[in-house]
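The following exercises are to be worked through with the sequence and the three-dimensional model at hand. Each task is followed by a solution in steps.

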Amino acid sequence: QQLRALLQGLREDKKNLLDALYHDLRKSHPEGQYAEYDSVEFEIGQFLDNLNKWTKPSSNSLAMAQPAFLLSKSEVRKEPLGVVAIIGAWNYPLRLVMLPAIGAIAAGNTVVLKPSELAPHTALALESLITRCMDASVIRVVQGGVKETTALLREKFDHYFYTGSGSVGKLVARAAAEHLSGITLELGGKSPVIVHADVADLVPTASRIMWSKLANSGQTCVATDYLLVHRSVKDKLIPLLVDAVAGMYGKSPKLSPDYGRIINARHWNRLMDVLKATEGTQIAVTDDVPDEGDLYFPPTIVDGVRPDDALMKDELFGPILPIITYDTLDEAISLVNSRDQPLALYVFAKRDSAEAMLSRTRSGSATVNDTMFSLASQTNPFGGVGPSGVGRYHGRFTLDTFSHHRHVMSRPLWFPTPGVDSIRGPPFAGSENSWKADLSRQLVYPSLWSLRDSLLGKLVTLIPLWRMLVIIPGFLWAMIKSKPVVRRRND
């Protein structure tokens, strides 16, 4: 009911939401719909279509693996965690709060939603939508900046979900630790794109790299942060990168209705500072220059960058693409592994080269022959590893994140007989009880294929219902030999 109400309100407020995204980030309506609005609507649809299937308890056939649980029933139920806090980011201010909120509500939780104060128009539009269309006992919106967020983190929640920088992520983690609560951190990092010598086609490679770098003016957590390119293809690739910019935004992206703006002056100046500090060589890309008054930062490519350059210190989060040249695959892999695990890794290469890179690196996600388009695959998990994040979400994985997987077992009291049931506990001493150790191992932890040394023993495991067959003699012997620990009383 709540999700259907949200869907109706979302559709009614579509123009209002897209207008808000434009005012906050100069995000065009087509990009706002494609990158944010449509993903939220799709997520609601996923849950409406699949919620009953995803929440259905899963059962396990225990006796097939462990005969001690013969006639037992076992299932895993997905139950709500309780009250959860969702703290969103400013770069995709609609998508990054609503996707986790949808899954949290679908899992049966109540939600306190904190949109980013740096995207105030979208924050107010969200509050209006949620207040009008949804039950206040299910979800509420908290507005404000650092002071309000700090106060919110002092409150006890059953799970904290945060998207943003690593520095604030640490504060959220401390708050969760204070209450021994669960946490999901969607952070970021410097996501590399590697173009190897055996790349099949440089034209779509260049287009996909620059689309990822420039969408939302580079303010995307999984954007291509820097480019590692093999020396043999670099001189062919760079002109194609420049052409890709012109093909998408023209020679003056400032005049393009599709090119966004930097979120505020502080971030604009941060980008200017690192660009001034680089020792690399800027390549002519557009006819524009940076404009602080308009918060415009033009597409920028910097060649000849060293791994210790100012552009390589932190996540850029802007439309600057540093280029590092390498000569061997081992060198490229070493450069990636010398840094924290990124949120995403992109590789343009043939299968063997790509697999070599993937098998020897770690990242939250990885894509071969494309870039952050994989983020649109909301039937798959999304999340970081190490400093790039903790946990995962999207679709059924969001449901799992906001659910407690509760194991429930039901056993009959009449089986096994009290004497056989006594194998679980004392008395163990004395020759009359020596049978317990052998039988309990066969019943509870039988030797599987990989635990057996002899060929005959391994062949036994291929017989249907072998676990049952091998314990029958011991089971019958136990019924004869055993004595119940507690006998019925007549009084």
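**Exercise 1. A salt bridge within a helix**

Is Lys 15 buried or exposed? Determine also how its salt-bridge partner is placed.

*Solution.* The model is a predicted one.

Step 1. The relative accessible area of Lys 15 is 57%. Because the cut-off for an exposed residue is over 50%, Lys 15 is exposed.

Step 2. The side chain of Lys 15 meets that of Asp 19 in a salt bridge, with an N to O distance of 2.8 Å. Asp 19 has a relative accessibility of 22% and is therefore classed as partly exposed.

Step 3. Both residues belong to helix α2 (residues 14–25); because they are four residues apart, about one helical turn separates them.

**Exercise 2. Salt bridges between distant parts of the chain**

Identify which parts of the chain are linked by the salt bridges of Lys 190 and Asp 291.

*Solution.* Side chains of opposite charge can pair when their charged atoms come close.

Step 1. Lys 190 and Asp 225 form a salt bridge whose closest N and O atoms are 2.4 Å apart. This pair links distant parts of the chain, 35 residues apart: Lys 190 is in the loop between β7 (182–186) and β8, and Asp 225 is in the loop between α9 (202–214) and β9. Both Lys 190 and Asp 225 are buried.

Step 2. In the salt bridge of Asp 291 with Lys 254, the closest N and O atoms are 2.6 Å apart. Asp 291 is in the loop between β10 (281–283) and β11 (300–303), whereas Lys 254 is in the loop between α10 (231–249) and α11 (265–277), so parts 37 residues apart in sequence are tied together.

Step 3. Asp 291 is partly exposed, at 22% relative accessible area; Lys 254 is also partly exposed, at 30%.

Step 4. Glu 12, Asp 13 and Arg 132 are joined into one network by salt bridges that share partners. The structure holds 20 salt bridges.

**Exercise 3. Strand pairing**

Describe the side-chain directions in β8, and set out the strand order of the six-stranded open sheet.

*Solution.* In a regular strand the side chains alternate between the two faces of the sheet.

Step 1. In β8 (residues 192–195), Pro 192 and Ile 194 point one way, while Val 193 and Val 195 point the other way; all are buried.

Step 2. Strand β8 pairs with β9 (residues 226–230) in the parallel sense, over four bridges. Opposite Val 193 stands Leu 227 of β9.

Step 3. The open sheet of six strands has the order β5-β4-β3-β6-β7-β15, with mixed pairing. Its edge strands, β5 (139–141) and β15 (389–390), each pair on one side only.

Step 4. The pairing of β4 and β5 is parallel and extends over three bridges. Val 112 has Arg 140 in β5 as its bridge partner.

**Exercise 4. A buried serine and a surface patch**

Establish the surroundings of Ser 116, and then name the residues of the nonpolar surface patch that includes Leu 455.

*Solution.*

Step 1. Ser 116 is in the loop between β4 (110–114) and α6 (120–133). Its relative accessible area is 7%, so Ser 116 is buried.

Step 2. The side chain of Ser 116 reaches the backbone nitrogen of Leu 118 at 3.1 Å. Apart from neighbours within four places in sequence, Ser 116 contacts Gly 88, Ala 89, Trp 90 and Ala 123.

Step 3. Leu 455 lies in helix α17 (residues 455–460) and is exposed, with a relative accessible area of 62%. Together with Leu 459 and Leu 462, Leu 455 forms a nonpolar surface patch of about 320 Å² of accessible area.

Key:
Residues are numbered from 1 along each chain as its sequence is written. This is a predicted model: local features need pLDDT of at least 70, side-chain atom pairs count only at pLDDT 80 or more; totals for chains, interfaces and linings use all residues. Side-chain values use heavy atoms; hydrogens and water are left out. Patches are made of residues with over 30% relative accessible area and no salt bridge: like charges are joined within 9 Å, nonpolar side chains (Val, Leu, Ile, Met, Phe, Trp, Tyr) within 5 Å. Accessible areas come from the Shrake-Rupley method with a 1.4 Å probe; for residues, only the protein chains shown count as cover. A salt bridge is a side-chain nitrogen of Lys or Arg within 4 Å of a carboxyl oxygen of Asp or Glu. Helices (H or I, at least four residues) and strands (E, at least two) are DSSP runs, numbered from the N terminus. Buried means under 20% relative accessible area, exposed over 50%, partly exposed in between (1.4 Å probe, protein chains only). A polar contact is a pair of N or O atoms within 3.5 Å; within protein, one must be able to donate a hydrogen and the other to accept it, and residues adjacent in sequence count only if both atoms are side-chain atoms. Contact means heavy atoms within 4.5 Å. Two strands pair if DSSP finds at least two bridges between them.
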